[in-house]
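User: Could you take a close look at one part of this model for me, the stretch around the second helix, and then place it within the whole chain? Plain language is fine.

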Amino acid sequence: MLGFANLALTELSSHTPALEQVAAGAVPAVLLSLLLAVATVMPKIVSGSALSALHASASSANLKADGGLGQVLAVFDQGLELWAGRLAMIGVVGLIAVEAVKGDALF
């Protein structure tokens with residue numbers, strides 16, 4: 001979702017088409033992807049537990065039971081993350097498709 005928002009807002013402010021933005025930022029995007037991949041497995045490395053066990057302990061039900069910040073974080077469960085990712089992918093593909101048909105930046 002962050003990537004889609006970045007593409008759309010940059011296009012809105014600078015009128016740079018999404019494909020040009022992606023081409024100009026390919027190396028940082030790959031580095032960010034690698035950083036996020038490493039950050040995903042760091043809890044496993046640090047704790048020594050399996051990722052499935054860590055994921056199960058961070059379920060919405062367990063977070064809600066903790067109260068306080070856990071209740072706020074429980075809103076961001078697997079279902080919400082899955083749908084936010086799907087909507088972001090549809091947005092990026094839609095933005096690129098409209099630009100391809102239009103031949104210029106959307107905004």
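Analyst: Reading from the N terminus, the elements of the protein chain go α-α-α-α-α-α-α. That makes 7 helices and 0 strands, where helices (H or I, at least four residues) and strands (E, at least two) are DSSP runs, numbered from the N terminus. Keep in mind that this is a predicted model, where local features need pLDDT of at least 70, side-chain atom pairs count only at pLDDT 80 or more, and totals for chains, interfaces and linings use all residues. Residues are numbered from 1 along each chain as its sequence is written, and side-chain values use heavy atoms, with hydrogens and water left out.

Now to the part you asked about. Helix α2 covers residues 18-24, and Gln-21 lies in it. Gln-21 counts as buried because its relative accessibility is 15%; buried means under 20% relative accessible area, exposed over 50%, and partly exposed in between (1.4 Å probe, protein chains only). What does Gln-21 touch, leaving aside its neighbours within four places in sequence? Its contacts are Asn-6, Leu-7, Thr-10, Glu-11 and Thr-16, with contact meaning heavy atoms within 4.5 Å.

Just before that helix, His-15 sits in the loop between α1 (2-14) and α2. His-15 has a positive phi of about 60 degrees, even though it is not a glycine. Most residues other than glycine have a negative phi.

At the start of the chain, Leu-2 belongs to helix α1. Leu-2 is exposed, since its relative accessible area is 74%. Its C-alpha atom is separated by 16 Å from that of Leu-31, and the two are 29 residues apart along the chain.

Further along, Leu-54 is part of helix α4 (residues 51-57). With 25% relative accessibility, Leu-54 counts as partly exposed. Not counting residues up to four places away in sequence, Leu-54 touches Pro-43, Lys-44, Ser-47 and Ser-49. One of those partners, Lys-44, is 10 residues from Leu-54 in sequence and 7.6 Å away in space, C-alpha to C-alpha.

Then there's Leu-73, in helix α6 (residues 69-73). Leu-73 is also partly exposed, at a relative accessible area of 41%. From Leu-73 to Phe-107 you go 34 residues in sequence and 34 Å in space, C-alpha to C-alpha.

So how does the whole chain look? Its radius of gyration is 18 Å, whereas a compact globule of 107 residues would have one near 13 Å; the radius is taken over C-alpha atoms, and the globule rule is 2.2 Å times the number of residues to the power 0.38. Along the principal axes, the C-alpha atoms fill a box of roughly 50 × 25 × 20 Å. Of the 107 residues, 13% count as buried. Among contacts between residues at least 6 apart in sequence, 46% join residues at least 24 apart.

How far can you lean on this? The mean pLDDT of the chain is 82, and 98% of its residues reach 70 or more; pLDDT is the predictor's confidence in each residue, from 0 to 100. Among the elements, helix α5 (residues 60-66) has the lowest mean pLDDT (71), and helix α7 (residues 78-102) has the highest (86).
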